[in-house]
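Colleague: I'm new to looking at protein models. Could you walk me through this one, feature by feature?
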Amino acid sequence: MTALLLSCSLAFSQEADDTVSGVGFSLIPRLDFSPVFPAESAKDLTLGNSSIYSLFEGSFLDERLTFSIENHWLSASPADLYVCEDEDGKRSANIFRSDNVNWLDWAYLSYTVAGFNFTVGKDCMMICGFEYDDYDFNVHPAIMSSVWNNFSPYQWGAKVGYTTPSENHEFAFQACASPYGERPFASKLFAYSFAWNGTFGAYSTRLTATALQTDVKSFVPMISFGQKYEFDGGYACLDLFNCVETSDYETSVWGITAMPSVCYSPVESVELFAKGGFEYDFNAESRRGGFFGGAGVHWYPLQDKSLRIHLLAAINHTPYSALANWDGVVRNYTVSIGAIYYLNFGILK
């Protein structure tokens with residue numbers, strides 16, 4: 001799940017604005033080896049974020065009309081992308097669902113005119129500050145929030161955005177299916193989001209507020225506030241939001257997630273990065289929390305940066321262990337080493 005995404009669809013969703021006038025196709029295979037220590041069984045010798053993705057995107061009409069499609073063809077658990085199983089054990093095709101991710105991350109069409117941007121299709125929800133700006137195939141799940149790892153952010157819907165003439169402010173409103181429904185629109189559960197993105201020189205800030213429908217009569221809030229400062233060769237970022245994912249993969253919005261991160265490139269071919277996070281659920285019945293953190297390096301040995309070699313070391317105190325019994329012992333360590341290759345093909349120019 002390292003590039004920034006498309007327009008108001010770029011500023012607030014999950015697709016990087018590499019689009020030029022024309023059409024391009026990219027195939028992105030990734031291979032990881034990510035053992036977890038202490039290893040108690042073979043399942044702790046994981047393949048991490050090993051995957052195969054593709055990107056098909058382009059622009060027309062002097063870049064006013066754009067489209068983007070990202071497919072997730074293979075993962076460390078490939079069957080989950082294509083087949084899902086309900087509580088009764090019944091299996092069905094995992095497509096056109098709201099409550100789970102599948103092999104189609106997003107597919108949308110966007111049109112920009114006079115500062116306004118209109119987007120329709122399957123897109124990323126405007127949640128969780130800057131964390132969702134990175135492509136899924138670039139990130140390291142061990143240092144991502146529980147929401148990123150368990151929430152289903154790609155939903156069918158529509159979005160309208162406006163960028164001021166100074167380009168210092170971007171506003172967007174999004175209406176989409178809620179991940180608490182099983183089928184988009186058929187479940188009649190929706191989510192409504194507002195986002196503001198401000199850019200002031202090297203400093204950027206992002207505020208998002210979402211009303212997330214959990215059943216016919218109930219909405220819960222998801223609010224995030226992100227700050228990012230870019231400096232020569234890197235950036236520092238802090239994301240705050242009011243939600244965590246509990247151990248049964250339900251979203252608790254009565255909590256807090258705080259995640260500082262930093263990235264620095266001493267030379268063009270090397271990125272050094274570190275990220276940490278603290279999560280706490282204020283739910284009166286659970287009162288649970290946890291932390292995670294890690295540091296690593298990205299190395300681009302080829303001049304065009306089409307190959308990335310990465311190494312990460314991370315720690316994780318099992319999320320949602322009762323803090324009343326917290327003994328301070330780190331539950332596991334993760335070391336991840338792998339490579340990702342970006343195969344880019346221009347189709348039309």
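Colleague: Let's start with strands. Which residue stands opposite Ser68 in strand 7?

Modeller: That's Tyr108. Keep in mind as we go that this is a predicted model. The two residues face each other where strand 4 and strand 7 (residues 104-113) pair in the antiparallel sense, over seven bridges.

Colleague: Strand 4 and which other strand are joined by nine bridges?

Modeller: Strand 3 (residues 51-60) is joined to strand 4 (residues 65-74) that way, and the two run antiparallel. For one rung of that ladder, look at Ser59, whose bridge partner in strand 4 is Thr66. Strand 3 and strand 4 form a hairpin, with four residues between them. In the turn, Leu61 has a positive phi of about 55°.

Colleague: How many strands and helices does the protein have?

Modeller: There are 22 strands and three helices.

Colleague: And how do I think about side chains along a strand?

Modeller: The general idea is that side chains in a regular strand alternate between the two faces of the sheet. To see how one strand residue is packed, take Ser54, which sits in strand 3.

Colleague: Is Ser54 buried or exposed?

Modeller: Ser54 counts as buried, because its relative accessibility is 4% and the cut-off for buried is under 20%. Leaving out residues up to four places away in sequence, Ser54 touches Phe25, Ser26, Leu27, Ile28, Ile69, Glu70, Asn71 and Trp73. You can also look at distance along the chain against distance in space: Ser54 and Tyr342 are 288 residues apart along the chain, while their C-alpha atoms are separated by 9.5 Å.

Colleague: What about a residue in a loop, say Phe137: where does it lie?

Modeller: Phe137 lies in the loop between strand 8 (116-124) and helix 3 (146-150). Don't assume a loop residue has to stick out: Phe137 is buried, with a relative accessible area of 2%. The C-alpha atoms of Phe137 and Ile52 are separated by 8.1 Å, and these two residues are 85 residues apart along the chain.

Colleague: What share of the residues counts as buried?

Modeller: It's 48% of the 349 residues. As for the outside, the protein exposes about 16400 Å², and carbon and sulfur atoms supply 63% of that.

Colleague: Which residues make the nonpolar surface patch of about 1000 Å²?

Modeller: Among them are Phe60, Leu61, Tyr111, Val113, Phe171, Phe173, Tyr192 and Phe219. Strand 7, strand 8, strand 10 and strand 11 (190-200) are the elements that give two or more residues to the patch. Take Tyr192 as an example: its place is in strand 11, and at 34% relative accessibility it counts as partly exposed.

Colleague: Now charges. How many salt bridges does the structure hold?

Modeller: Eight. For each one, check how far apart the atoms are and whether the partners are covered. Asp32 and Arg30 form one, with the closest N and O atoms 2.9 Å apart. Asp32 is buried at 3% relative accessible area, and Arg30 is buried too, at 4%.

Colleague: What do the side chains of Lys159 and Asp123 do?

Modeller: They meet in a salt bridge of 3.0 Å, N to O. Lys159 lies in strand 9 (residues 154-163) and Asp123 in strand 8, so the pair ties together parts that are 36 residues apart in sequence. Lys159 counts as buried at 4% relative accessibility, and Asp123 is buried at 3%.

Colleague: Are Arg183 and Glu182 buried or partly exposed?

Modeller: Arg183 is partly exposed at 28% relative accessibility, and Glu182 is partly exposed at 42%. Their side chains meet in a salt bridge of 4.0 Å, N to O. Salt bridges with shared partners join Arg97, Asp99, Glu182 and Arg183 into one network.

Colleague: Last topic, confidence. Which elements have the lowest and the highest mean pLDDT?

Modeller: Helix 1 (residues 8-12) has the lowest, 33, and strand 10 (residues 169-177) the highest, 98. Over residues 1-20 the pLDDT is below 50, although that stretch has 100 contacts in the model beyond near neighbours in sequence. Residues 320-330 are also below 50, with 22 such contacts. Where pLDDT is low, the predicted coordinates shouldn't be read in detail. Across the protein the average pLDDT is 86, and 85% of the residues score at least 70.

Definitions and conventions. Residues numbered from 1 in each chain as written. Predicted model: local features only at pLDDT ≥ 70, side-chain atom pairs only at ≥ 80, totals over all residues. Heavy atoms only, no water. Buried < 20%, exposed > 50% of the residue type's maximum accessible area, 1.4 Å probe, protein only. pLDDT = per-residue confidence, 0-100. Contact = heavy atoms within 4.5 Å. Areas by Shrake-Rupley, 256 points an atom, 1.4 Å probe, with all protein chains shown as cover. Pairing = 2+ DSSP bridges. Patch = residues over 30% accessible without salt bridge, like charges linked within 9 Å, V, L, I, M, F, W, Y side chains within 5 Å.
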